[in-house]
Amino acid sequence: MEISLFMSPQEQSKLAQEVTTYNRTLNEGKGAGKPALDKDDFLKILITQLSHQDPTQPMDDKAFIAQMAQFSSLEQMTNMNEGLAKVANLVARSQAVALLGNEVELESGGQTVSGVVDAVTSGDLPQLLVNGQYYDYSQVQRVKTAASAQAAQQAQPAQVPNGPDADSPDTAEPAEPDQVQKE
């Protein structure tokens, strides 16, 4: 049995997609370890503090109100962050769908791949089908629409014939200001 130590470009692309998906999952806090305290941790600390407070000592109202205000602010920021993440995912999906039928250049495994987007997958991490292979939307480097290619061709100046056959009104030379008749 022979084992190959080299990967085809398709295998490299598939592996890169899996690594990217796994890393995004970790970065979103769904994987191992939490990078920072969240609102649940803050609430646990507050409850622990209140449960271990000496009942014979008067409670500092100002400190308690400040802690509750901090908790409220933390909760609002967390909710806003979740909402913005949802908006960012919707925008990414919308942009991926807008690429259907357009020619794209993708970076995959250190190589540039060009082709027309034939399909787009849905979900938080949209993928594009180009040349029979799925690529992550984040790999798109350049987009060229069919309309821009046609516009570039139309922008080239047309050949205007010179000579006796060019008697159209568009090609007539304007009269000199001294030759204009006054009425």
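User: In which strand does S108 lie?

Analyst: This is a predicted model, and in it S108 belongs to strand 1.

User: Is S108 buried or exposed?

Analyst: The general idea is to compare the relative accessible area of a residue with a cut-off, buried being under 20%. S108 has a relative accessibility of 6%, and therefore counts as buried. Setting aside residues up to four places away in sequence, S108 touches S13, V113, Y135 and Q139.

User: Before further residues are examined, what pattern does the protein follow along the sequence?

Analyst: The order is α-α-α-β-β-β-β-β-α, made up of four helices and five strands. The protein has 183 residues, of which 14% count as buried. Its accessible surface is about 14600 Å², with 55% of that belonging to carbon and sulfur atoms. Among contacts with a separation of 6 or more, 49% are accounted for by residues 24 or more positions apart.

User: Which residues make up the largest nonpolar core?

Analyst: In soluble globular proteins, nonpolar side chains tend to be buried together. Here the largest nonpolar core has nine residues: A96, L99, V104, L106, V113, V117, L128, V130 and Y135. Strand 1 (103-108), strand 2 (111-120) and strand 3 (127-130) are the elements that each give two or more residues to this core.

User: What is A96 in contact with, apart from its neighbours within four places in sequence?

Analyst: The contacts of A96 are with V120, P126, L128 and Y137. A96 is also one of the buried residues of helix 3, together with F71 and A92. The buried residues of that helix pack against helix 2 (39-51), strand 2 and strand 3.

User: How should the length of helix 3 be read, and what span does helix 3 reach from its first C-alpha to its last?

Analyst: One compares the span with the value expected at 1.5 Å a residue. Helix 3 covers residues 61-98. With 38 residues, this helix reaches 55 Å, close to the expected 56 Å.

User: Which residues make a nonpolar surface patch?

Analyst: M77, M80 and L84 make a nonpolar patch of about 330 Å² on the surface. M80, one of these residues, is found in helix 3.

User: Where is S122 found, and why does S122 count as exposed?

Analyst: S122 is in the loop between strand 2 and strand 3. Exposed means over 50% relative accessible area. S122 counts as exposed because its relative accessibility is 66%. As for its position in space, S122 and V97 are 25 residues apart in sequence, with 8.9 Å between their C-alpha atoms.

User: What is the phi of N131?

Analyst: Most residues other than glycine have a negative phi. N131 is not a glycine, yet has a positive phi of about 55°. This residue is found in the loop between strand 3 and strand 4 (133-136). N131 is exposed, its relative accessible area being 51%.

User: A final case concerns separation in sequence and in space. How many residues apart in sequence are E18 and D136?

Analyst: Sequence separation and spatial distance are read side by side. E18 and D136 are 118 residues apart in sequence, while their C-alpha atoms are 9.8 Å apart in space. E18 lies in helix 1 (residues 9-27).

User: What is the relative accessible area of E18, and how is E18 classed?

Analyst: The partly exposed class falls between the buried cut-off of 20% and the exposed cut-off of 50%. E18 has a relative accessible area of 45%, so E18 is partly exposed.

Methods
Residues are numbered from 1 along each chain as its sequence is written. This is a predicted model: local features need pLDDT of at least 70, side-chain atom pairs count only at pLDDT 80 or more; totals for chains, interfaces and linings use all residues. Side-chain values use heavy atoms; hydrogens and water are left out. A nonpolar core is a set of buried Ala, Val, Leu, Ile, Met, Phe, Trp, Tyr and Cys residues joined through side-chain atoms within 4.5 Å. Buried means under 20% relative accessible area, exposed over 50%, partly exposed in between (1.4 Å probe, protein chains only). Contact means heavy atoms within 4.5 Å. Patches are made of residues with over 30% relative accessible area and no salt bridge: like charges are joined within 9 Å, nonpolar side chains (Val, Leu, Ile, Met, Phe, Trp, Tyr) within 5 Å. Accessible areas come from the Shrake-Rupley method with a 1.4 Å probe; for residues, only the protein chains shown count as cover. A salt bridge is a side-chain nitrogen of Lys or Arg within 4 Å of a carboxyl oxygen of Asp or Glu. The expected span of a helix is 1.5 Å times one less than its number of residues.
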